[in-house]
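Work through the exercises below with the sequence and the model side by side, and try each task before reading its solution.

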Amino acid sequence: MSTTTMTTSFARRFAADIRNAVSGKGTPADKRTITVLALALLCAAAPLDISQLAMLLVGAAAYALLQPVSLPHSKAPFKKAPTVPQPKVPTAPPSPPLTPSASPAKYVPPALRPGFARSAPAAPAAAVGQCRMERAAPRPLQRLPRAAAAAPVSWVAPDSVRQPSAQPVAAPTFEASGWDAQVNELVAQLLPTAAGDQAVERLAQRVRLVLRQLVPEAEVTGFASSAPLRGCAFGVAVPDVDVVVSCDPEILSSRLQAGANRHARGGGSTDHRQLQKSALRAFTDRLVASGQFKFRRSAFSAEDPKVTLLPTAEGNAAGAPLDVAVNSATPLHNAALLTECGRLDARAQALALLVRRWARDRGICHSAKGHLSPYAWTLLTIYFLQVVEEEGAILPPLDGFKISSRLAGLPSKSDTKSAAAAAATAAPKHAVGGAGKSVGALFKEFVAFYGKSFDVRREAVSVRRGRRAAPALALPLHIALAEDGGAASEVGLNIEDPFEPTRNLGASMTASGVQRLRQELARAGGLLASREGASLTALLEPWSPEEPSQAA
């Protein structure tokens, strides 16, 4: 090929590259061509020698000729594949938000948490009572018949189905014969004793020694409503011993936060109820980790959050169960009322202990299961003794209780009158009614009063007023709703707390709890009115749920 032909071809290619670059259709090679042209014009305008310009032009021509050889083959432009519309998958509706009435999750003690390591010195396995939990093998699925699968399933209360018991409890037996003699024998066993008080004080001292490492300022007090008994029905669910840890909320919050205890969640909370729960978790962790107590159950959804523990003792024998609470005044109020009942009339304290024992053995004294609390049963007994006698009540209103009236912030009768005024206006003393009636006879009247005479729709239990009347305006009324969410509801008892008139202690009852109360009152009334004579052993027969086959 001649030089003229090569020059002409190069000129044509060079002109085509310029057109493509200017129109925007050019490739990166066209842009490089423009760059070379710009450099050539710069060299032509610059004051260079002829030889230098010639070398630049030869180099530029050689570079332009080598471009088609060195450039790779151009790739086809990438085209994005068309998107295929995907069918929409229906999503499940969002879960409803938790409400304050929802029951929180159950507390799990540290000894049962996976990966827990005991920080304290290891105690003997027999004393600590450790147990191994093994994963049960999955059961094969069974196909139900169509008739059984289509049958409607009725809701059953969790505590209304019998479960196997490792240590069954039988009804108490008595050496005495006759209703009144058996009642007196049982009351003698229930009344508090000096030995029982010392045992409760030792329990409180054990709790105090463990918790003083975490909160040195805390005060630990033990209360026993009756003689601590072991081996009775529902003894662990409803203990007779209460241990209250009292501490200033600000100090308690700072101690929990500074302790850096991994189990004390929300230790810096200033909310009173949340602080109680956080402190209970931290205290329970310490008590169980010490090896001196075993965890049994917790009741954080109750009005007064508490934890039930079982102390360990020498000889592998466990002591009486106890409830641990934080900054709770209910055990103090209950103990003050029972003590003053014994001072005003010994039969009042004996009847209250008998009623509480009957309610516990028959399974209607556990507030966590939708029933009344032991404190509420104490108020029911006192109110009955205030209003039952027409010729004279056995117990006065709350202002006649010297200690309890002061705890409630009410002026007692002894404080409103001076000695001179009392001599001038000698008011008659409280007339004691029911003279000559035994504790057994009063219990029969107690059952008849709440089973037939008391009107739950129009009356309220008010120990503070001590007379039959409609509920006070400040007392919120309680309607027990069905547990299965149905429309069925029950009108429960409205029980005013004399130390907090706006608190209704009957609010712990559910619809099934109200029904069970009526059933037990009817059962007790039938046993007490039998011709064969009332039997305390039959009356205190431990209640047990129905068999699973019957509940289904």
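The exercises that follow go from the whole chain to its cores and then to one strand pair. This is a predicted model, in which local features need pLDDT of at least 70 and side-chain atom pairs count only at pLDDT 80 or more, while totals for chains, interfaces and linings use all residues. Residues are numbered from 1 along each chain as its sequence is written, and side-chain values use heavy atoms, with hydrogens and water left out.

**Exercise 1.** State what share of the protein chain counts as buried.

Solution. Take buried to mean under 20% relative accessible area (1.4 Å probe, protein chains only). Of the 552 residues of the protein chain, 38% then qualify.

**Exercise 2.** Describe the largest nonpolar core and the helices that supply it.

Solution. A nonpolar core is a set of buried Ala, Val, Leu, Ile, Met, Phe, Trp, Tyr and Cys residues joined through side-chain atoms within 4.5 Å. The largest one has 60 residues, and Trp358, Trp377, Leu380, Phe443, Tyr450 and Ile495 have the most contacts inside it. Helices (DSSP runs of H or I, at least four residues, numbered from the N terminus) that each supply at least two core residues include α11 (346-361), α12 (374-387) and α16 (439-453). The largest share, ten residues, comes from α12. A second, separate core of 31 residues includes Val241 and Leu309.

**Exercise 3.** Explain how β9 and β10 are arranged.

Solution. Strands are DSSP runs of E, at least two residues, and two strands pair if DSSP finds at least two bridges between them. Strand β9 (residues 495-497) pairs with β10 (residues 500-504) in the antiparallel sense over two bridges. Glutamate 496 stands opposite asparagine 504 in β10, and a hairpin of two residues joins β9 to β10.

Technical notes. Buried means under 20% relative accessible area, exposed over 50%, partly exposed in between (1.4 Å probe, protein chains only).
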